[in-house]
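Welcome! Here is a short briefing to help you find your way around this structure. Take a look at the model first, then read on.

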Amino acid sequence: MLELLNPAIAYDALMDFLGAGGNVLLIIMFVTFFMWALIIERLMYWSGAHGGVAKRAQRAWSARSDHKSWYAHAVRDRLISEAVQEASRFNNVIRALVAVTPLLGLLGTVTGMVEVFDVMAVTGSSNARLMAAGISKATIPTMAGLVASLSGLIFINAFDRNVEKASHKISDELLIE
């Protein structure tokens with residue numbers, strides 16, 4: 001296990017894994033990296049920037065002298081909407097990537113099985129050694145797509161709960177007199 005801390009060995013292991021999974025696994029890797037970049041951005045937002053967004057909405061509401069008119073209610077709704085929009089930024093993109101990764105895994109399954117059938121057609125036999133590469137190209141992308149999807153699903157559900165809580169909290173803090 002300590003040998004994987006060596007960058008050259010870790011790189012070789014990654015290349016072997018990507019080679020065993022085929023081209024679809026490479027696509028899954030890039031989609032997963034993009035999804036995780038967005039997740040990390042959202043984690044950074046929730047760990048610090050959201051407080052500033054909520055305070056800005058509170059300051060804008062407190063600066064108004066009129067809190068009773070129809071126009072004041074429209075301004076309040078706009079402030080809440082802007083805060084919720086900022087809080088839910090990229091959530092739909094993350095949700096779409098969570099949905100796409102298992103489908104890419106399924107694509108890997110299909111392309112791997114096509115490779116298995118090609119080997120069977122060319123050789124005229126069902127030699128397990130000859131089919132092994134196609135089987136790994138069928139199973140590894142499926143596993144990778146599901147793992148990527150599950151990891152993103154955990155975070156998108158947490159982000160959605162945070163948005164809901166933030167929406168209620170901001171609504172409660174912008175008091176109508």
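Just after helix α4, G124 takes a positive phi of about 75°. The model is a predicted one, so please read the values below as computed from it. From this spot we can work back along the helix, then visit its neighbours and the aromatic rings.

**Around helix α4**
- Helix α4 covers residues 91-123, and its 33 residues should span 48 Å at 1.5 Å a residue. The end C-alpha atoms of α4 are 49 Å apart, which agrees with that expectation.
- Ten names are worth picking out, if you like to follow along: N91, I94, L97, V98, T101, L104, G105, G108, G112 and V116 are the buried residues of α4.
- These buried residues pack against α2, α3 (70-87) and α5.
- On the other side of the helix start, F90 sits in the loop between α3 and α4. Its phi is also positive, near 70°, although F90 is not a glycine.
- F90 counts as partly exposed, because its relative accessibility is 28% and the buried class ends under 20%.

**How α2 and α5 pack**
- Two packed helices are described by the angle between their axes and the distance between the axes.
- For helix α2 (residues 23-62) and helix α5 (residues 128-173), the angle is about 10° and the axes are 10 Å apart.
- The two helices α2 and α5 are therefore roughly parallel to each other, since angles under 35 degrees count that way.
- Sorted by class, the contact of α2 with α5 has 18 nonpolar, seven polar and two charged residues.

**Aromatic rings**
- A pair of aromatic rings is described by the distance of the centres and the angle of the planes.
- The count of aromatic pairs comes to three.
- One of them joins Y45 and W46 edge-to-face, at 5.2 Å centre to centre and with 80° between the planes. Y45 counts as buried, at 4% relative accessibility.
- Another joins F155 and F159, whose ring centres are 6.2 Å apart; their planes meet at 45°, so this pair is tilted.
- F155 and F159 are four residues apart in helix α5, which means that about one helical turn separates them.
- Are these two rings buried or partly exposed? F155 is partly exposed, with a relative accessible area of 24%, whereas F159 is buried, with 2%.
- W36 joins F155 and F159 in one aromatic cluster.

Definitions and conventions
Residues numbered from 1 in each chain as written. Predicted model: local features only at pLDDT ≥ 70, side-chain atom pairs only at ≥ 80, totals over all residues. Heavy atoms only, no water. Axes fitted to C-alpha atoms, helices over the stretch in contact; angles between N-to-C directions. Parallel < 35°, antiparallel > 145°, perpendicular 65-115°, else oblique. Nonpolar A, V, L, I, M, F, W, Y, C, P; charged D, E, K, R; others polar. Expected span 1.5 Å × (residues − 1). Buried < 20%, exposed > 50% of the residue type's maximum accessible area, 1.4 Å probe, protein only. Contact = heavy atoms within 4.5 Å. Phe/Tyr/Trp six-rings, centres within 6.5 Å; stacked < 30°, edge-to-face > 60°.
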